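Thanks for making time for this one. I would like to walk through the fold with you, strand by strand and then outward, so please keep the picture in view while I talk.

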Amino acid sequence: MATKIRLQRGGRKGYAFYSIVIADARAPRDGRFTEKIGSYNPNTNPATVDLNFDRALYWVEVGAQPTDTVRNILSREGVYLMKHLKGGVKKGAFDEATAQRKFDAWKADKQRGLDKVAAEVAKSKKDAAEKALAEEKKVNEAIAKKVAEKKAAAVAEAEVEAPAEAPAEEAPAEA
């Protein structure tokens with residue numbers, strides 16, 4: 001039986017959510033599967049991947065063929081790097097502790113990169129919010145200035161009309 005590591009679609013229309021599954025190559029995309037090894041949510045920034053690393057590594061080692069998208073996901077998660085390092089251990093190039101150190105160093109470097117990207121996204125959102133607030137303040141100041149000018153014009157107009165009305169009111173009172 002030829003096995004594949006593929007995505008199985010879930011979620012609602014316009015908001016896809018995928019399960020990473022092991023399935024027979026002849027099974028339909030959303031059909032029967034052997035094992036679920038993780039999930040993939042492309043709707044978040046960056047995309048969220050929840051993967052059972054040990055099971056994914058096992059299936060890659062026994063020859064399950066991933067689809068292109070799943071291959072990229074597994075590569076980003078380090079499954080293929082670990083497979084490569086285990087191959088080096090089998091050949092005697094280095095021991096298992098060295099392989100684990102190399103993998104941990106790679107994972108830490110990857111996490112620093114992800115943290116940096118997350119910080120840049122947060123900073124850009126904050127800058128955009130500050131810029132929008134500054135523009136809104138400008139608009140509000142312009143509106144307040146126009147309102148103040150209208151009020152000043154209305155007060156000036158009322159002062160011009162008030163002295164003309166005052167003697168007219170006093171004249172009937174004397175009579």
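Let me begin at the hairpin of β1 and β2, where two residues lie between the strands and Gly-14 takes a positive phi near 80°. I should say at once that this is a predicted model, so please take each value as computed from that prediction. The two strands of the hairpin, β1 at residues 3–12 and β2 at residues 15–24, run antiparallel and are joined by 10 bridges. To give you one pair to find on the screen, Arg-9 stands opposite Tyr-18 in β2.

And what does β1 pair with in the parallel sense? That partner is strand β5, residues 65–66, with two bridges between them, and in β5 it is Pro-66 that serves as the bridge partner of Ile-5.

Putting the strands together, we have an open sheet of five strands with mixed pairing, in the order β4-β3-β2-β1-β5. The edges are taken by β4, residues 48–51, and β5, each of which has a single partner strand, so one side of each is left without a neighbour in the sheet.

Now to the helix that meets this sheet. Helix α2 lies across β1, β2, β3, β4 and β5, and runs at about 95° to β1. Which residues of α2, spanning 68–77, are buried? They are Val-70, Ile-73 and Leu-74, and, seen down the axis of α2, these buried residues fall within an arc of 95°, so they line one face of the helix. As a general reminder, an α-helix has 3.6 residues a turn, so residues three or four places apart point the same way. Just after α2 there is another glycine to note, Gly-78, with a positive phi of about 95°.

Stepping back to the protein as a whole, its elements run β-β-β-β-α-β-α-α-α from the N terminus on. The radius of gyration is 35 Å, well over the 16 Å that the globule rule gives for 175 residues, so the protein is more spread out than a compact globule. Along its principal axes, the C-alpha trace spans about 120 × 40 × 20 Å.

Two further values describe the whole chain: of its 175 residues, 21% count as buried, and the protein exposes about 12,600 Å², with carbon and sulfur atoms supplying 55% of that area. Finally, among contacts with a separation of 6 or more, 35% come from residues 24 or more positions apart.

Conventions: Residues numbered from 1 in each chain as written. Predicted model: local features only at pLDDT ≥ 70, side-chain atom pairs only at ≥ 80, totals over all residues. Heavy atoms only, no water. Buried < 20%, exposed > 50% of the residue type's maximum accessible area, 1.4 Å probe, protein only. Helix = DSSP H or I, 4+ residues; strand = E, 2+ residues; numbered from the N terminus. Arc of directions from axis to C-beta. Pairing = 2+ DSSP bridges. Contact = heavy atoms within 4.5 Å. Axes fitted to C-alpha atoms, helices over the stretch in contact; angles between N-to-C directions. Rg over C-alpha atoms; globule rule 2.2 N^0.38 Å. Areas by Shrake-Rupley, 256 points an atom, 1.4 Å probe, with all protein chains shown as cover.
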